[in-house]
Amino acid sequence: MTSSTIDCTPYRAELLALAAALPPVPRADLPAFLAEAIRLADRLPHQLRRAIDEFNADGNLDGYLLLRGLPVEPEAVLPPTPVSGPPPEDRPLLAMEAMLCVVGGALGLLTAYDQGYGNRRSLTVLHELFPTPEAHPLSGATSTTQLEFHTDLSHHARQPNYILLSCSRGDHEGRAATLIGSIRKALPLLGDQVREHLYDRVFTRQFDAEDLALTVNVKPLYGAQEDPYVSFNRSFLTAETPEDLAALDALSQALTQVVEPVLLTRGDLLVMDNFRIAHGRAPFTARWDGKDRWLHRAYVRTDRNGQLSGGERPGDVVPFLPRR
Ligand SMILES: O=C(O)CCC(=O)C(=O)O
Ligand SMILES: [Fe+2]
């Protein structure tokens with residue numbers, strides 16, 4: 001295990017007690033549920049809380065933190081993996097939803113987004129990811145196609161700092177790895193010319209597959225020049241010159257060279273630094289037997305990069321704000 005992975009089995013009993021202290025039906029009153037999760041974040045086991053705080057302060061080389069061995073209900077009592085959403089409002093709290101919100105509450109502001117293209121699913125803090133039969137190939141609900149490297153919500157001016165994925169069920173064959181390309185690892189592989197070209201260069205990014213005329217402005221590398229943030233999406237970033245094209249390809253290759261596959265299994269919670277990595281997901285085969293891969297997702301904002309304007313409350317929906 002690297003320092004990016006923490007074995008949480010020693011904390012299981014304490015974490016179960018935290019989950020039990022939360023309201024039993026989260027969607028009955030989501031703001032109240034989130035407020036309680038944030039309060040309980042202060043009661044996370046000490047060592048675990050310290051590791052989360054350290055990651056939050058300056059990240060790490062891998063760009064993620066993986067908590068393994070968290071409490072999850074026995075397979076026999078876990079509901080079948082859904083095939084369509086959203087979850088029923090009266091569904092009792094799942095252990096991995098509890099972990100998602102308590103850890104998210106420790107990191108920052110749990111946030112619901114209007115993504116700007118009618119993606120109603122994301123108008124809540126608590127998302128679900130599972131294969132769906134007719135999924136759009138660029139959406140997280142695909143299974144058979146690889147989900148290519150991307151930054152979540154890079155078209156939104158209030159892009160989340162963290163993406164949290166917790167796992168109630170892994171995929172049957174152990175193939176659906178989440179693919180993580182860390183910019184701190186990839187940067188040394190880029191030539192000076194490419195680095196200079198991509199740094200603070202404004203690219204047009206399409207964000208609505210149904211209206212390609214809608215665009216925002218995205219910089220692939222920005223922030224501190226020696227330790228930059230990354231924003232990437234090869235399918236949406238529009239290269240305007242041969243140099244643009246070559247530089248984006250070089251970035252894509254460097255991210256691929258350093259890619260780390262993280263195979264999520266039940267009881268895992270992955271925190272990805274959405275400013276420091278691009279991520280994707282390997283293809284897998286769904287069986288539609290109620291036991292398919294099932295993740296819970298939440299986005300967290302911090303005060304980095306002007307994500308907060310002051311006075312926000314957890315669970316508020318952020319209106320769509322194009323990145324400029
Ligand atoms: O399924 C995963 O591991 C990641 C999914 C994802 O990146 C997304 O939905 O944006
Ligand atoms: Fe994603």
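## Ligand, iron site and packing in a predicted model

A polar side-chain atom of R297 lies 3.0 Å from an oxygen atom of ligand 1, and this distance, like every other value in this report, comes from a predicted model. R297 is one of twelve residues that surround ligand 1, and the closest of them are H150, T178, H279, R293 and R297. Polar pairs between side chains and an oxygen atom of ligand 1 are collected below.

| Residue | Distance from its polar side-chain atom to an oxygen atom of ligand 1 |
|---|---|
| H279 | 3.0 Å |
| R293 | 2.8 Å |
| R297 | 3.0 Å |

### The iron ion

H150 and H279, which are among the residues closest to ligand 1, also appear in the list of protein donors of the iron ion (ligand 2), where H150 (NE2), D152 (OD) and H279 (NE2) lie 2.1 to 2.2 Å from the ion. Along the chain these donors follow the spacing H-x1-D-x126-H. The site links distant parts of the chain, since D152 sits in the loop between strand 5 (147-150) and strand 6 (162-169), whereas H279 belongs to strand 15 (residues 277-281), 127 residues apart from D152. D152 has a relative accessible area of 8%, so it counts as buried, and H279 is likewise buried, with a relative accessibility of 6%.

### The nonpolar cores

Away from the ligands, the next topic is how nonpolar side chains pack. The largest nonpolar core has 40 residues, and those with the most contacts inside it are L15, L48, L67, L164 and V271. Helix 4 gives the most to this core, contributing nine residues. For V271, leaving aside residues up to four places away in sequence, the residues touched are F55, G63, Y64, L65, V103, L107, Y162, I163 and L164. A second core, separate from this one, is made of 23 residues, including V216, V230, F232 and L248.

### Helix 2

In helix 2, which spans residues 30-40, the buried residues are L30, F33, L34, E36, A37 and L40. Seen down the axis of helix 2, these buried residues fall within an arc of 160°, and they therefore line one face of the helix. The background to such a pattern is that an α-helix has 3.6 residues a turn, so residues three or four places apart point the same way. The buried residues of helix 2 pack against helix 1 (12-21), helix 4 (95-107) and strand 3 (109-113). Helix 4 is thus named twice here, as a packing partner of the buried residues of helix 2 and as the element that gives the most to the largest nonpolar core.

Key
Residues numbered from 1 in each chain as written. Chains lettered and ligands numbered in written order. Predicted model: local features only at pLDDT ≥ 70, side-chain atom pairs only at ≥ 80, totals over all residues. Heavy atoms only, no water. Buried < 20%, exposed > 50% of the residue type's maximum accessible area, 1.4 Å probe, protein only. Helix = DSSP H or I, 4+ residues; strand = E, 2+ residues; numbered from the N terminus. Arc of directions from axis to C-beta. Contact = heavy atoms within 4.5 Å. Core = buried A, V, L, I, M, F, W, Y, C linked by side-chain atoms within 4.5 Å. Donors = N, O, S within 2.8 Å, 3.2 Å for Na, K, Ca; no water. Near = heavy atom within 4 Å. Polar contact = N/O pair within 3.5 Å; in protein donor to acceptor, adjacent residues only side chain to side chain.
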